[in-house]
Amino acid sequence: MKIMAINGSPRRAENTARLLHKALEGAASLGAETEYIDLYPLKYKGCLSCFYCKRKDKEHGVCIVKDDLTAVLERAKQADALLFGSPIYFMNLTSGMQAFLERFFFSQYIYSREIPSVLGKTIPSAFLYTMNATEEQADAFHLKDSLAAYEWAAAGILGAKPYLFYDFNTLQFKDYSKYESSIFSEEEKRDYHEKHSAEVAEKAYELGKQLILDAQKL
Ligand SMILES: Cc1cc2nc3c(=O)[nH]c(=O)nc-3n(C[C@H](O)[C@H](O)[C@H](O)COP(=O)(O)O)c2cc1C
């Protein structure tokens, strides 16, 4: 079993990255092979709308754009489970994660009644989101609704509804005193983290295990 985690944060060792690694640890505890990808060091664009992937005379499911994402897309198709990690930027996935998903999902999707699935298999998946907002703030702004589009695409294209994991009220700075940040209470955030971070990390670990258990059942 192979699980691939994709980090859509430009920060390579912060909230999103840490939880993705925890989830991979969980998956590895069941013997899974793990792969971790940081998107931001890679040079790539989103979908160019060339429609090569939908041509009748070409192999379906292939994104013809050649860049740093080409090999990642091929390996993502081979994975038994996928974990998409992204900070919330302006109520949505980061542009890096959106560009990745445009390329991945659109190339696995054709406008055909006769060919409902290009992948031809189910890949259990999860979206892991980290954000500044508290759960109450996220609910007040209907954040979950604004994230629905890629989750819906994942369900259709990967063949199963993705798991959804939210890490709220994250710490953005190591030292809040260095930044204009009076809308936050660093003390309140640190207090929250002391109480919750072990539990959140444990949940991420369990998520990684769950994805492998689901993949093993297929
Ligand atoms: C450009 C930008 C936009 C952001 N927009 C939001 C937002 O809409 N809602 C929110 O709760 N947090 C927002 N944040 C905060 C990040 O989502 C949060 O700090 C996240 O945990 C960062 O993940 P990382 O530590 O893995 O980089 C934003 C951060 C940046 C840099």
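This note covers the ligand site and the cysteines of a predicted model.

1. **Where the ligand sits.** Start with the pocket. The ligand sits in the largest pocket. Taken alone, the ligand exposes 650 Å². The protein buries 80% of that area.

2. **The shell.** There are 16 residues around the ligand. Those that come nearest are Ser9, Arg11, Thr16, Ile88 and Thr170. By type, the shell divides into seven nonpolar residues, seven polar ones and two charged ones.

3. **Backbone contacts.** Look next at the backbone of Ile88, Phe90 and Asn132. A polar backbone atom of Ile88 lies 2.6 Å from an oxygen atom of the ligand. Ile88 is also listed among the residues that come nearest to the ligand. At Phe90, the partner is a nitrogen atom of the ligand, 2.9 Å from a polar backbone atom. At Asn132, a polar backbone atom is 3.2 Å from a ligand oxygen.

4. **Disulfides.** How many disulfides does the model hold? The count comes to zero. A disulfide needs two cysteine sulfur atoms within 2.5 Å. For Cys47, the nearest cysteine sulfur is that of Cys53, 6.5 Å away, so Cys47 is in no disulfide. For Cys53, the nearest is the sulfur of Cys50, at 6.3 Å, and Cys53 is in no disulfide either.

5. **Cysteine exposure.** Are Cys47 and Cys53 buried or partly exposed? Cys47 is partly exposed, with a relative accessible area of 31%. Cys53 is buried, and its relative accessible area is 9%. The cut-off for buried is under 20%.

Terms used:
Residues are numbered from 1 along each chain as its sequence is written. This is a predicted model: local features need pLDDT of at least 70, side-chain atom pairs count only at pLDDT 80 or more; totals for chains, interfaces and linings use all residues. Side-chain values use heavy atoms; hydrogens and water are left out. Buried means under 20% relative accessible area, exposed over 50%, partly exposed in between (1.4 Å probe, protein chains only). A residue is near a molecule or strand if one of its heavy atoms lies within 4 Å of it. A polar contact is a pair of N or O atoms within 3.5 Å; within protein, one must be able to donate a hydrogen and the other to accept it, and residues adjacent in sequence count only if both atoms are side-chain atoms. Accessible areas come from the Shrake-Rupley method with a 1.4 Å probe; for residues, only the protein chains shown count as cover. On a 1 Å grid over the protein atoms alone, a cavity is a set of points where a 1.4 Å probe fits but cannot get out, and a pocket is an open set with protein on both sides within 12 Å along at least five of seven lines; lining residues have an atom within 4 Å of a point. A molecule sits in a cavity or pocket if more than half of its atoms lie within 2 Å of its grid points. Ala, Val, Leu, Ile, Met, Phe, Trp, Tyr, Cys and Pro count as nonpolar, Asp, Glu, Lys and Arg as charged, and the others, Gly among them, as polar.
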